[in-house]
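Dear colleague,

I am passing on the structure below, together with some notes on what turned up when I went through it. Please read them with the coordinates open beside you.

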Amino acid sequence: MKKTILRLSLVALLSISVLSFKSPQKTNAILINPETYPPKTKKLNLEKPNVTLGFIKLTDMAPLAIAKHKGFFEDEGLNVTLEVQANWRDIFDKVVDNQIDGAQMLAGQPIAAAVGCGKQAELVTPFSMDLNGNAITVSYDVWNKIVAYLPREYGVPVHPIPASALLPAISLYKKFNNPFTMGIVSPYSGHNYQLRYWLAAGGINPGFYNNLNGYGGTSGQVILSVIAPPQMPSSLQSGVITGYCVGEPWNQQAVDQGIGVPIIASKDIWKNHPEKVFVMTKAFVQKNPNTAIAITKALIKAGKWLDDPENRKEATRILSKSAYVDGEKRVIDNSMLGTFEFEKGDIRSLPDFNVFFRYNATYPYYSDGIWFLTQMRRWGQIAESKPAEWYDYKIREVYKPEIWNKAANLLLAEGFLESKDIPVTDGYKAPTNEFIDNMYYDGKKPIEYINGFRIGNKN
C-alpha cells in the first residue's frame, strides 16, 4: 500500500514539474502574438545618446517629465538629464551657446531669433509641446473694482470675461496716478501676444514696440512688465503688478493663496492655440539627425500618454515632484484634471485647458508659427512691412515638420501610433475664426489678417 501511494505521489510530482516547465513556453507563445504583444521601440543609431534638456517649472513641461519618468527617452537609447532653468532668457541663451542640447521654449523665441528680434540665432522646432494652458489673473483689488459690473448667471460671473471689464479699474488707477501693470513672461511669449490680443479686442490699447521703447508701451493704456513665471504670484501679492498672463500652476496658485482671481483662460482668447515648443539649434540637428528624431519620438509618445484621461492623476503626481514643477499636487490637479478654479469656489469644467496630443497638438504647423509673426508685426517688434511670401519663407527656417513626420512614421511602424494620429497636411491648418473677437485667420494670408485689426500696425 505504501509503495502504491509513493508511486502515485511521484507521478503527481512529475506531472506538476512537466506542467511547470511547459507553462512559460505557452505564455511566451501568447506574448509574441503580433496582435497582443506590446509595441517595441526600434532604436536608431544615435550620434549623441547623452543629452541635457532644459525646462521651466510649468505644467506644460509635462512631455519632458513624462518622457523621462516613464522611460520613453531610455527606450530610444537616450540618457537624458533634465535641467531646470531660472527664466526664458536663460533657457534661450543656454541652447544658443550649446550649454544644453535642447529645451522647452516659448513658441515666439526661436521665431524672434530668426527674424532679428533680439538675439539672432538659427533654432529649429520639430515638436509642439501643447495647446492652450494659460490664463489671465488679476489682483483682488482689481477684481473688487470690476466684479459689480460683470453680468452674472446662476450667481457667478458669465465667462469668458472681455477685457473691456477692466476699464473701470484702469480709470480709477489713472485717476489716482497709479500704474496699471500686468505681468508677461517674455516679449516673445504667447502670454504677451494673448494678453495684447485680449486687451485690444476689448478696446484697450496695450502699446507698441519701437526703437525708443523696447518694453512695448508706446501709446499704451496699460504697462506690460516681464516677470519669471514662478515670481508672478508674489509680484501680484506685493502690488508690483495688478495682474498677469501666465501658464499653470501660477494662476491656480493665486487662487489657492487667496491673492488673485483668474478671469479668462487662454483657450477662450484663441481656441486650441499653440503654446510651448521643443527647440534645438540647427547645427545640433544637422550634426545629430538621429538623436533629434529619437528625442522627438519620445516626446510624441509622452504627449499621447498625457492625453489619456486615465493617466492624468499619475501625471500630476509626477509633475509635483521637486525635480519637475515642484508644486502642490492639489494646485496642479486644478487645471490638469479637466477643471479650472476662477474665483475661490467657482470651479468650472475645462477639459481642454491642457492639451498635449489631441487635435494634432504635437505637430509643428507653419500656420501656428506665422500667427506669432503676424503679432510681432502688429505690435511693432517687426518694424517694417513684409510681403506674404516672407512669412512662409521665415517660418520654414524654424518649424521642421519633416523631423516630426520621420519620428511619427517610425512610431506608426512600431505600433505606438495609428495612421489617424498623423495629419495629412501641407503644414497649414484650415482657416479659423475661433478667437474672442471672431477674427478670421488664414495662415496663408497674413497681410489680410494683420490689416483687419482695429488696433495695431498695418501693412
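The helix that gives the most to the lining of the largest pocket is α4, which contributes four residues. Please keep in mind throughout that this is a predicted model. Both α4, spanning 88-96, and α5, spanning 108-115, supply at least two residues each to the lining of the largest pocket. The space in this pocket comes to about 440 Å³, and among the 18 residues that line it, those closest to its centre are Trp-88, Arg-89, Gln-109, Ser-186 and Pro-187. Sorted by class, the lining of the largest pocket consists of eleven nonpolar, four polar and three charged residues. Where in the domain arrangement does the lining of the largest pocket come from? It draws at least three residues from domain 1 (50-132 + 273-337 + 354-452) and at least three from domain 2 (135-268).

The second largest pocket has a volume of about 260 Å³, and of the 15 residues that line it, Lys-271, Asn-272, Lys-429, Ala-430 and Thr-432 are the closest to its centre. The lining of the second largest pocket divides into six nonpolar, four polar and five charged residues.

Turning from the pockets to the strands, you may want to look at β4, which covers residues 123-128. Why can β4 be described as largely enclosed by the rest of the structure? Six of its six residues are buried, so the strand is largely enclosed in that sense, buried here meaning that a residue has under 20% relative accessible area. Strand β4 is joined by four bridges to β13, which is made up of residues 276-281, and the two strands run antiparallel. Within this pairing, Leu-123 of β4 stands opposite Thr-281 in β13.

As for the chain as a whole, there are 18 helices and 16 strands, and the C-alpha atoms fill a box of roughly 110 × 50 × 35 Å when this is taken along the principal axes. Of the 459 residues in the chain, 55% are buried. If one takes the contacts in the chain between residues at least 6 apart in sequence, 74% of them join residues that are at least 24 apart.

With best regards

Definitions and conventions. Residues are numbered from 1 along each chain as its sequence is written. This is a predicted model: local features need pLDDT of at least 70, side-chain atom pairs count only at pLDDT 80 or more; totals for chains, interfaces and linings use all residues. Side-chain values use heavy atoms; hydrogens and water are left out. On a 1 Å grid over the protein atoms alone, a cavity is a set of points where a 1.4 Å probe fits but cannot get out, and a pocket is an open set with protein on both sides within 12 Å along at least five of seven lines; lining residues have an atom within 4 Å of a point. Grid points are joined across faces, edges and corners, and a volume is the space filled by probe spheres set on the points. Ala, Val, Leu, Ile, Met, Phe, Trp, Tyr, Cys and Pro count as nonpolar, Asp, Glu, Lys and Arg as charged, and the others, Gly among them, as polar. Domain bounds come from an automatic or database domain assignment. Buried means under 20% relative accessible area, exposed over 50%, partly exposed in between (1.4 Å probe, protein chains only). Two strands pair if DSSP finds at least two bridges between them. Contact means heavy atoms within 4.5 Å.
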